[in-house]
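Please open the model in the viewer and display the chain as a cartoon. The tour below proceeds from the whole chain to a single helix.

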Amino acid sequence: MTYATDRLHEEIAYIAYHFHWSLEEILDLEHRDRRRYTEQIAGFVVRAAAEG
């Protein structure tokens, strides 16, 4: 089974936008680590929005 290309691009864009990491740095991450970073970023975004 392969990981959907669209989903991979979304994860890359999300991490790059928030952490300003390069494409190479993001692609060097293991899949589970990349997913964990996207989940953590989402948590930051939700908390920041709640705090106003």
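The stops that follow give a selection and then what is to be found there.

**The whole chain.** Begin with the complete chain, bearing in mind that this is a predicted model. The chain has three helices and zero strands, in the order α-α-α from the N terminus. Its C-alpha trace spans about 40 × 25 × 15 Å along the principal axes.

**Surface and charge.** Switch to a surface view: about 4,200 Å² is exposed, of which carbon and sulfur atoms supply 54%. Buried residues account for 15% of the 52 residues. Next, colour by charge; the 6 positive and 10 negative charges have mean positions 7 Å apart.

**Contacts along the sequence.** Display the contacts between residues at least 6 apart in sequence: 44% of them join residues at least 24 apart.

**Helix α3.** Select residues 31-51, which form α3. The end C-alpha atoms of this helix are 31 Å apart, in agreement with the 30 Å that its 21 residues should span at 1.5 Å a residue.

**The buried side of α3.** Which residues of α3 are buried? Select Arg-34, Thr-38 and Ile-41. These residues lie on the same side of α3, because the arc they cover around the axis is only 65°. Add α1 (5-19) and α2 (23-27) to the view, as both are among the elements that cover the buried residues of α3.

**The other side of α3.** Rotate the helix and select Arg-32, Arg-36, Val-46, Ala-50 and Glu-51, which are exposed on the other side of α3.

**After the helix.** Finish at Gly-52, just after α3, where phi is positive at about 85°.

Conventions. Residues numbered from 1 in each chain as written. Predicted model: local features only at pLDDT ≥ 70, side-chain atom pairs only at ≥ 80, totals over all residues. Heavy atoms only, no water. Helix = DSSP H or I, 4+ residues; strand = E, 2+ residues; numbered from the N terminus. Buried < 20%, exposed > 50% of the residue type's maximum accessible area, 1.4 Å probe, protein only. Contact = heavy atoms within 4.5 Å. Areas by Shrake-Rupley, 256 points an atom, 1.4 Å probe, with all protein chains shown as cover. Lys, Arg positive; Asp, Glu negative; His and termini not counted. Charge placed at Lys NZ, Arg CZ, Asp CG, Glu CD. Expected span 1.5 Å × (residues − 1). Arc of directions from axis to C-beta.
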